[in-house]
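This report describes selected features of a two-chain structure, beginning with the contact between the chains and moving on to local details of the backbone and side chains.

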Amino acid sequence: MSQPTAPASGVRWRVSVDESLCAASGQCEIFCPEVFEVGRVSTVKLDLPPSDLYDSLQDTADACPTRAISLSVGTA
Amino acid sequence: MGGVAGIPGPAGDRFEEVEHDFLGFLERSSRAYGPLVAFELAGRPWVLVNDPELIHDVLTAPFSEVGGGPSLVPGARTMGHSIMMNYEPSWRPRRALIQRPLSHRNVLHFGDLMLRRARELADSWSSAAEVELHADLSRLTLTIVAEALFSWDVDAVLRKILAASQEFHGDFVRSWLGPPREPSDAFRAAHASYEALVRDIIARRRVETDSGDLLGMLLEARDADGQLLDDEAVRDEANTLIFAGHSTTSLALTYAFSLLSRHAMVQRELADAIAEQLGSRLLVAGDLEQIPLIRAVVEETLRLYPVNHFQDRTALVDIRLGDTTIAAGMHLLMSAWLVQRDERYFPDALAFRPERFLPEQRRSIPKYAYFPFGLGPKVCAGNFFALLEAALVVGTMVQRYELRPAEPEPPRLRPTNLLDPAADVRIRLRGRRVPEGGGPSPT
């Protein structure tokens, strides 16, 4: 699963979690509680988060033990 | 009628049976009693949980409801209060500190080191007709993790760490599942000398510049309130990476090579996939995405031989698992060995079929039926490091050698806290017509 390395100017990132991969490790909630909440699986509270969270989101996607988090180009 | 607290199970204390045949006991019990089996072990009540959904419920329960199991006691002797051992609120910020340098992107920095050491081992095998896998691979993985962590030349301390580790792993049921007992003098001595070395290294490194290794990252890491980790915390996390990070991967590699040696068709397919992608150059970390079969071989190995074969927890309050109440104080045992070899979740479950883990097929694996690194918040923080290392070593060796069995039968097992073989596993080697070096620099 590949993530964009940096958002181009003016482009928003869309965040999604592949529930079939999620093992509910909760790392995403630790790294970025503004966007993720973990119950039985991780859920995305803000699927188009503000750009000041992009660094944290990249860390989060990298740290997910099952690589269930995707960042894709979204539209506002 | 046996069982405990209304949950079915075998009667009487099963300590002797478990000590003699841990895996057999689990297999017989789950067949006879179903997804929840209660039994007594050394006077303590246990429940074997053998259903993926229920296992997930246990392993993702809040720490206020389900805490660590009895294995925390021996575990803490080497790993202190590290993220693996800690079930308190302080776990949370610490976990983020440790996870960041071990993310799938960051561990790629260690790919060159892993390849360099793997190629050295491959060179040393060139004159050997037959090799003892576990001995050689333990040395390899310890060298890699120590160098990644401490930038160490480990020769000077290798024997001390191995001695402490072996002492720590032996006598599994008594040490891990039996009543708490004091470690032996031999363990204390080996561990004390090892601890002294780690203390010296940390003290020295506090005043030196960062060398880009994991210890440097631990020494620079700050908690949520901006505080550096103290020496004791750095030591505990470093010890966890060393102890949990070398013996597990060496066993995974031992079983991977054992399986490949006995499955010539799979090995041929893997060697062809590597040759087709690389031609005459050597494998580097950047190639793994293009040759998914390498990682699939590692993952299928960990399905059949889950090195971390069990997880244990303790119910701190009464909890519900499905329709059953588990009383506070009961210990919970989850076995990857049982679930991952179950026909209900893996058709032809005992067959070595790495294609199950190729991208297009792995989604058909039932959720939570595969957990070689655990599930939930305590999932192994080093899984990307381990998978990268194992894939690079498997790919490097299969590119160089044809692996043939020295023994026709699968290795006999003698599980400790890890899924150890009863004796070292031997294979025979024959060189392939591939480059002996001169490929591009690893990237």
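**The interface of chain B and chain A**

Across the interface of chain B and chain A, three salt bridges are found. The model is a predicted one. One salt bridge joins A:Arg67 to B:Glu289, with 4.0 Å between the closest N and O atoms. Ten residue pairs are in polar contact across this interface, both residues of each pair having pLDDT 80 or more.

On the side of chain B that touches chain A, the elements giving two or more residues are helix 3 (52-59), helix 5 (91-99) and helix 16 (383-400) of chain B. Helix 5 of chain B gives the most, with five residues. By residue type, this side of chain B divides into seven nonpolar, seven polar and nine charged residues.

The contact draws 23 residues from chain B and 24 residues from chain A. Together the two chains bury about 2,000 Å², and 46% of that area is on carbon and sulfur atoms. Within chain B, the residues that lose the most area to chain A are B:His104, B:Arg105 and B:Arg363, which together account for 25% of what that side buries.

**A buried glutamine of chain A**

A:Gln27 belongs to helix 1 (residues 27-31) of chain A. With a relative accessible area of 1%, A:Gln27 is buried, because the cut-off for burial is under 20%. Leaving aside residues up to four places away in sequence, A:Gln27 touches A:Ala63 and A:Pro65, and also B:Arg95, B:Gln99 and B:Pro377. A polar atom of the A:Gln27 side chain lies 3.2 Å from the backbone oxygen of A:Ser25.

**Helix 3 and the hairpin of chain B**

Helix 3 of chain B, one of the elements that contribute to the interface, is largely enclosed by the rest of the structure, because six of its eight residues are buried. The buried residues are B:Pro52, B:Leu54, B:Ile55, B:His56, B:Val58 and B:Leu59. At the start of this helix, a side-chain oxygen of B:Asp51 comes to within 3.0 Å of the backbone nitrogen of B:Glu53.

Strand 1 (residues 36-41) of chain B is likewise largely enclosed by the rest of the structure, since five of its six residues are buried. Strand 1 runs antiparallel to strand 2 (residues 44-49) of chain B, and six bridges join the two. B:Leu41 has B:Arg44 in strand 2 as its bridge partner. Two residues lie between the strands of this hairpin, and B:Ala42 takes a positive phi there.

**Residues with positive phi in chain B**

Most residues other than glycine have a negative phi. The table lists residues of chain B that depart from this pattern.

| Residue | Phi | Citation |
|---|---|---|
| B:Ala42 | near 50 degrees | hairpin of strand 1 and strand 2 of chain B |
| B:Asp348 | near 55 degrees | residue other than glycine |
| B:Tyr368 | about 70 degrees | not a glycine |

B:Asp348 lies in the loop between helix 15 (336-340) and helix 16 of chain B, and B:Tyr368 is also found in the loop between these helices. Are these two loop residues buried or exposed, or partly exposed? B:Asp348 counts as partly exposed, at 43% relative accessibility, whereas B:Tyr368 is buried, with a relative accessible area of 7%.

Key. Residues numbered from 1 in each chain as written. Chains lettered and ligands numbered in written order. Heavy atoms only, no water. Contact = heavy atoms within 4.5 Å. Buried area = accessible area lost by both parts, 1.4 Å probe. Salt bridge = Lys/Arg side-chain N within 4 Å of Asp/Glu carboxyl O. Polar contact = N/O pair within 3.5 Å; in protein donor to acceptor, adjacent residues only side chain to side chain. Helix = DSSP H or I, 4+ residues; strand = E, 2+ residues; numbered from the N terminus. Nonpolar A, V, L, I, M, F, W, Y, C, P; charged D, E, K, R; others polar. Buried < 20%, exposed > 50% of the residue type's maximum accessible area, 1.4 Å probe, protein only. Pairing = 2+ DSSP bridges.
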